[in-house]
Amino acid sequence: MAPNAKLAEALSHAETATGDKAPLYKAILTNIKRLSAPATAADDLGAVADSFLAQGLGVVATRAVLAVFVATVKPLADGDLRIAVGTRALAALAGQAATSSAFPDATAALCDMVAAAHEANDDFADAARVLAQIPLDGSQRKVTGEDRARVWVRIVRNYLEVDDSTAADMYINKLKNIMHTVADPDLNLHFRLSQARIQDAKRDFLSAAQRYHEISFSPAIADEERLHTLAMAIKCAVLAPAGPMRSRTLARLYKDERSASLPEFAILEKMFLARLLSPAEVAAFAESLQPHQLATTADGSTVLAKAVIEHNLLGVSRLYSNIRFDALGSLLGLTAARAEETTARMIEQGRLVGRIDQLDAIVWFEGGEASGEKGSGGAGAVVGKQMRRWDANVESLSEEVENITNSLQKEFPVSPRIVSPCGSRKVVVMC
């Protein structure tokens, strides 16, 4: 659409004028509401940008006009209008290949303005892409580590809003190299929280739980946010693969006095105490999870279902010395083959101590905590081991009975009493 007739005339006059044209363009921008109409505002402002950028006013004059242009567009209430005008101006700047690098401040201001409008419209992916165009390198503009961190953290948060953890992770890796130079507590908090969210999205639930728990102690956030972050830590710990590392994380969360006030405490307590979880409890917990936490894994089960099965398997290992796979599958809600596969994987990964007798279809559990080291969960079959364990149990029981007998004799001492003569002997009965 062509610009408004009044504006077209003013632009024509500025383009054909001799001498310094910068004041003419500044006057046009100052009087833009009189020269333009709401229906043609986007085209009118875009035409102004195209015009003065094409005139070759010189670096200093162009910077001055660009500053007035940004100051004119930024206060506009219509977010879509700011996006349209700002995007066109950025394209015009990019088209000036020879001189575009000379205007980093104006480029940064336009990108920030357009990104803010996208964020207001919940177009977070577009906002992140625009923010990525902000020039952060070069000698024309002084950019501190804190300035870079502020832009990159904003990009990460926008990508996380659309669950693009891959793109967000790229900028997190950049932030890792400069965050030690940033003193702003808010930026550091957002960086740590973004790290936790990325680990959560990538299903590194154990690391995410630890980071969420650390953040929940931060005095920089409100009490409600601390409890929300603590709840996220509990959810991630529940979803983490069963094993010694998760057990330690569950212990820290269970001992946190704040956990008892959260709805997630019930399942946290059962997992910490290695109690079996019922399908009803799992279904109730699933309602509070985010979509990526309910994603389907390669074997067709959900992340939550897999975590619960492994937890229940650990619970069974504390109740049974040995169990057949068909009975184990019945307890876990699996087929005998899937129960054997899950058990074998956990033993191989060092998250469960035991051995499998495939001929008899039995798994033998060993006492003690697994080390978590790959290949350390297998327990060798020792000849006569079960008989020696039986003998040790019988011996222990006999010792306990003897201890009880000795205690009774000390509490109720006995004395001899003559009952009746029997020939030349006397029968003595102990009372």
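## Burial and overall make-up

Of the 431 residues in this protein chain, 42% count as buried. The model is a predicted one, so please read everything below as a description of that prediction.

The chain's secondary structure comes to 20 helices and five strands. Now consider contacts in the chain with a separation of 6 or more: residues 24 or more positions apart account for 57% of them.

## Helix α2 and its buried side

A good place to begin the tour is helix α2, which covers residues 22-30. Its buried residues are A22, Y25, I28 and L29. They span an arc of only 120° around the axis, and this puts them on the same side of α2. Some background helps here: an α-helix has 3.6 residues a turn, so residues three or four places apart point the same way.

What do the buried residues of α2 pack against? Their partners are α1 (5-16), α3 (32-35), α4 (41-54) and α5 (59-73).

## Helix α12 and its neighbours

Further along the chain comes helix α12, made of residues 205-215. Its buried residues are F205, L206, A208, A209, Y212, H213 and I215.

These buried residues pack against α11 (185-201), α13 (223-239) and α14 (244-255), and also against α17. That last helix is the subject of the next two sections.

## Where α17 meets α18

Two packed helices are described by the angle between their axes and the distance between the axes. For α17 and helix α18 (residues 325-332), the angle is about 125° and the axes lie 10 Å apart. The two helices are therefore oblique to each other, and α17 passes α18 in a right-handed crossing.

Which residues meet here? From α17 come I309, N312, L313 and V316, while α18 offers L328, L331 and L332. Sorted by character, the residues of this contact are six nonpolar, one polar and no charged.

## Where α17 meets α19

Helix α17 (residues 303-319) also has a contact with helix α19 (residues 336-348). Their axes come within 11 Å and cross at roughly 75°, and α17 and α19 are therefore roughly perpendicular to each other.

On the α17 side, the contact is made by K306, I309, E310, L313 and L314. On the α19 side, T342, T343, R345 and M346 take part. How do the residues of this contact divide into nonpolar, polar and charged? There are four nonpolar, two polar and three charged. I309 and L313 of α17 appear in the contact with α18 and in the contact with α19.

Technical notes
Residues numbered from 1 in each chain as written. Predicted model: local features only at pLDDT ≥ 70, side-chain atom pairs only at ≥ 80, totals over all residues. Heavy atoms only, no water. Buried < 20%, exposed > 50% of the residue type's maximum accessible area, 1.4 Å probe, protein only. Helix = DSSP H or I, 4+ residues; strand = E, 2+ residues; numbered from the N terminus. Arc of directions from axis to C-beta. Contact = heavy atoms within 4.5 Å. Axes fitted to C-alpha atoms, helices over the stretch in contact; angles between N-to-C directions. Parallel < 35°, antiparallel > 145°, perpendicular 65-115°, else oblique. Nonpolar A, V, L, I, M, F, W, Y, C, P; charged D, E, K, R; others polar. Left-handed = near helix turned anticlockwise from the far one by under 90°.
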